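I opened the notebook to look up how the helices pack and where the nonpolar side chains gather.

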Amino acid sequence: MSGTEVVIMSFPRSGQQMMRMMVESVYRRYGIKFSYCAYYTECGCETTPCRGGGIFQKQHDLGLGRLSANPLLKRKSEAPGEPIDQRYKYLVMYRNDLITQLEAYFRFDMRKERGERWKKPFDYNDNEWLCGQLVEFIEKNKKYYLDFVKKWVNNGCSNCLTMEYGDVVSNPVDNMMRVLQFLKPEVDFDREAVSTVLGDRISL
């Protein structure tokens, strides 16, 4: 297959870049070609397969968030939900707790919209306005999260490998071995070598 082979389908703020760095590190160690399409930003192709030939492609299926006023969904051309296409393998990333996932997404959105002063950790204690903003954000985006889990996590598709963010952080090598066996079953990856390559790639 030429061009896009793997879609990293993640709910926003559930480890997309962490997974990209992990896979890229191991691929380069084994001499396997790696390229990555950011879909929404650097490449900006906004289509699958990537017009630039990216082997891996970032996706959030933001079209599922249309009815939830998804703050990242700026482009009217995006279809309301990406199809699960048998031509590709999907690495699905998410956090299995709705509140934890949407709070992480909320922090990202606040920092993105409001700049540098929002980069410090959020302190919700005695901050009625910030708590109100979080509650409103969760209300607007809970349907997006629930639809994402229903479609991508609970689908039983043989071409989807689902990984929970917290488990990847806690057990990076185990999960990386699962990923590698899913993506490249023909390659004999050495667990010790993979562990060494990952090194300090795991970041919260």
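The entries below take a helix pair and then the nonpolar cores.

I worked on a predicted model, in which local features need pLDDT of at least 70 and side-chain atom pairs count only at pLDDT 80 or more, while totals for chains, interfaces and linings use all residues. Residues are numbered from 1 along each chain as its sequence is written, and side-chain values use heavy atoms, with hydrogens and water left out.

Entry 1, helix pair. I looked up helix 1 (residues 16-29) and helix 6 (residues 191-198), whose axes come within 9 Å and cross at roughly 120°; helices here are DSSP runs of H or I with at least four residues, and strands are runs of E with at least two. The axes are lines fitted to C-alpha atoms over the stretch in contact, with angles from 0 to 180 degrees between N-to-C directions. I noted that Met22, Ser25, Val26 and Arg29 of helix 1 meet Ala193, Val194, Val197 and Leu198 of helix 6, contact meaning heavy atoms within 4.5 Å.

Entry 2, cores. I found that the largest nonpolar core has 30 residues, with Met9, Phe11, Tyr90, Val92, Phe106, Phe148 and Trp152 having the most contacts inside it; such a core is a set of buried Ala, Val, Leu, Ile, Met, Phe, Trp, Tyr and Cys residues joined through side-chain atoms within 4.5 Å, and buried means under 20% relative accessible area with a 1.4 Å probe, protein chains only. Strand 1 (6-10), strand 4 (89-94), helix 2 (98-114) and helix 3 (128-153) each supply at least two residues of this core, and helix 3 gives the most, with 10 residues. Apart from this core lies another, of 28 residues, among them Phe56, Leu91, Leu161 and Tyr165.

Entry 3, Met9. Not counting residues up to four places away in sequence, I listed Met9 as touching Gln59, His60, Asp61, Tyr90, Leu91, Val92, Met93, Phe148 and Trp152.

Methods. Buried means under 20% relative accessible area, exposed over 50%, partly exposed in between (1.4 Å probe, protein chains only).
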